[in-house]
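Take a look at the structure below. Keep it open while you read.

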Amino acid sequence: MKDVINQTGFFKEQYQKFRKSVSDKDLKCFAGLKTDVERLKFVEERNRLEFPSRSKDSKNLEQALNLKEKGNKCFQKEQNADALSFYSQSLVMYPQDGDLTEFSIIRANRSATLYHLQEYRAALSDIEIALAQGYPKHLHYKVLDRKAKCLMALKQNYTAIHSLRETISALDDAKIPADVRQKKQNDIQIMLGIMVKSKACDEQIKKPADIINRVTGEKNPKYKAASESVGFDFSESEGRFAQAESDLQSGDVILREPPHCSVLLQENAKTHCFQCMKRCYFIEPCQKCSAVIFCGPKCQQMAYKTHHKHECEVLKTLWESGASITCLMALRIIIQKPFAYFLKVGQELEVNGRVGSRAEYDGADYSTVFDLVRHEDKRSTEGMFHKAYMALFLQGCLKRSGYFDGNSDLSGEEQSKAEMAVGGLILRHLQSLQFNAHEISEMIFTSPDPKTWKSIFVGAGLYPTLALFNHSCEPSIIRYFEGNKVVVKVIKNIKKGEKIYENYGPIFTQTPKAERQTTLKNQYWFECSCEPCSRNWPMLDGMDVSTMRFPCDDTACDNVVVVPVNTGSFMMQCNKCGRLTNIMKGLKVLQDSESLFRLGESFLQGGEIHKALRKFLELQSLLSNTLVPPFRDFYLCQQNVRNCIMALGNTHPPLDKFVQRQSVNLKKL
Ligand SMILES: [Zn+2]
Ligand SMILES: [Zn+2]
Ligand SMILES: [Zn+2]
Ligand SMILES: [Zn+2]
């Protein structure tokens, strides 16, 4: 993953000052240290500088009320999308530590715009919260009536009946003329009568079709997030690697893993959920700050329970320090679990020298993160020193956030020892995240032409099972994201026993070998010896299109029979084993492939991603069963497979809305 650093932050300058204050002799001492805790202690003892601290983005009542007024004006003019945006901003700015009546009114107003935008579920959520937060009693009938309408729109007629009855009683509290009240109550009674008579019931809510993203076949008994068709092994030369335990078909899902931790980039904090990283179309504010948003109450509560309670206090300091996204992740690994948990980890480490058991590999377990590769011995002293100072800064942020508070049974000495141990873990994670974190992406659709689609970097996640895969410049898988959850699909047929490779960045069809090797060496500290690198495969543009590469008919021979595309004969002699190979069938397949490709492309242009994907997968299978890689048509097809698969994950606008728009455009033509 490319790491993202805010170049203007204060950390860089402060580190330079600190570094100057440490002599070369001292640095030599540092180089001899053996553990992360010793390294952290070393920088702590020598640090005379105070880390700057910023107060959080606070809320502002006046601004909130202004935004509400703007929302009301738009709502009156039926500009619902704008009204929604103003109400949402108003909710974000509203201080939640005092009386929440006004806050609940803004929410209720927003539920009205959501209702008009036909976003019924979001409207219902706002109504529930407004009622719970002290929405004035004499107005209850308004939101209860809206609730019933939303439920009816969602075909939840049985539940809607209950809401209608509630509306009738709520009308008793309404400050409206008696005759108006009577009329409203009568109208609802009539409606109720019809609904009860028709034996209204709730329609089963259909779960979104997530079957395509589900792991293919049975679940792996050991690796919780993987399919049983994947296994992991170890060799001296390759370290840990993944391989197929049974034949895999292009398109199979072999892994679906929630992140151990994930962090959103600051630049997306006002557009994406700070917890699940989905783009927010309706915003749930943080209770304390105005810096981040959530996609709904569930994510807001989850974030608050696990990390944001503490992180909220220091988030602005972290952002303004210029700490990179992997630094924020190192902090998150700690902050998302209580201090008491790491006290236990510390004891376990002292007794066993390791964390957790090895029976099941579950990415949610801290042990899987603790053990990730970090190349401690290969790191330069300067590099380690820099990381140690960053760990000290992050540990300081933890202290300021109140994370360490509330363990009164520890003596002062025990407490500071435990805080140091946690700092040591931060330093450990700073080292391993460089090699193991993944970018979380979202595909931006601007037109039906996939060439115009753009993948953007939303945040980063740590996926302990995905981290076990090795790299190849010709990957066998592609990863995409549902929010912050990663899904891994196979993009070529893989035979049982063959290794499964992922890709750490450079792909051989697009990037020259020298550049690939440099990138991998600089970022991941290894020399790539994948097939395209060791056999000098040409890039896509350099692939010979005047010949076709057939496998020799003799299964014992591994030679490639190279045939000119304009050949007149069907029997070709292998120049290694001398046997004749019949290419008749192969040529026929290649003829069919062209129409398949065009069919796939036309589906893609029409926004029919699933159909397009099926065609391209079919084509890919045909090609790889006929020819020997590398050949251009296969990778052109794979590029389309890749685009289709990416479109199944995070997209903006959402895929169904994009498809709707496409079909509207097509009708216009
Ligand atoms: Zn969310
Ligand atoms: Zn916050
Ligand atoms: Zn390579
Ligand atoms: Zn041969």
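The report below covers domains, metal sites and one interface.

## Model and domains

This is a predicted model. The protein is divided into three parts: domain 1 (10-54 + 260-438), domain 2 (211-259 + 463-540) and domain 3 (541-668). Domain 1 and domain 2 are each written as two stretches of sequence, while domain 3 is written as one.

## Zinc ion, ligand 1

Start with the zinc ion (ligand 1). Cys-273, Cys-276, Cys-295 and Cys-299 coordinate it, each through SG, at 2.3 Å. Along the chain, these donors follow the spacing C-x2-C-x18-C-x3-C. Cys-273 and Cys-276 are both buried.

What is the arrangement of the four donor atoms around the zinc ion (ligand 1)? They subtend angles of 103 to 115°, so the arrangement is tetrahedral. For comparison, the ideal angle for four tetrahedral donors is 109.5 degrees.

## Zinc ion, ligand 2

The zinc ion (ligand 2) has a histidine among its donors: His-308, which binds through NE2. The other protein donors are the SG atoms of Cys-286, Cys-289 and Cys-312. The donors lie 2.0 to 2.4 Å from the zinc ion. Their sequence spacing is C-x2-C-x18-H-x3-C.

Are Cys-286 and Cys-289 buried or exposed? Both are buried. The four donor atoms around this zinc ion (ligand 2) subtend angles of 103 to 123°. The arrangement is therefore tetrahedral.

## Zinc ion, ligand 3

The zinc ion (ligand 3) is held by four SG donors, from Cys-473, Cys-528, Cys-530 and Cys-533. They lie 2.2 to 2.3 Å from the ion. The spacing along the chain is C-x54-C-x1-C-x2-C. Cys-530 and Cys-533 are both buried.

Why does the site of the zinc ion (ligand 3) count as tetrahedral? Because its four donor atoms subtend angles of 103 to 117°, and the rule asks for all angles to lie between 85 and 135 degrees.

## Where domain 2 meets domain 3

The C-alpha centres of domain 2 and domain 3 lie 21 Å apart. In domain 2, 25 residues are in contact with 24 residues of domain 3. How much area is buried between domain 2 and domain 3? The area is about 1900 Å², and carbon and sulfur atoms give 62% of it. On the domain 2 side, Ile-478, Ile-491 and Leu-540 lose the most area to domain 3. Together they make up 32% of what that side buries.

Now the polar side. The rule finds 14 residue pairs in polar contact across the interface of domain 2 and domain 3, both residues at pLDDT 80 or more. The count of salt bridges between these two domains is zero.

Methods: Residues are numbered from 1 along each chain as its sequence is written. Chains are lettered from A and ligands numbered from 1 in the order in which they are written. This is a predicted model: local features need pLDDT of at least 70, side-chain atom pairs count only at pLDDT 80 or more; totals for chains, interfaces and linings use all residues. Side-chain values use heavy atoms; hydrogens and water are left out. Donors are N, O and S atoms within 2.8 Å of the metal (3.2 Å for Na, K and Ca); water is not among the atoms, so sites may look incomplete. Four donors count as tetrahedral if all angles lie between 85 and 135 degrees; four count as square planar and six as octahedral if opposite donors are over 155 degrees apart and all others between 65 and 115; anything else is irregular. Buried means under 20% relative accessible area, exposed over 50%, partly exposed in between (1.4 Å probe, protein chains only). Domain bounds come from an automatic or database domain assignment. Contact means heavy atoms within 4.5 Å. Buried area is the accessible area (1.4 Å probe) that two parts lose on being put together, summed over both. A salt bridge is a side-chain nitrogen of Lys or Arg within 4 Å of a carboxyl oxygen of Asp or Glu. A polar contact is a pair of N or O atoms within 3.5 Å; within protein, one must be able to donate a hydrogen and the other to accept it, and residues adjacent in sequence count only if both atoms are side-chain atoms.
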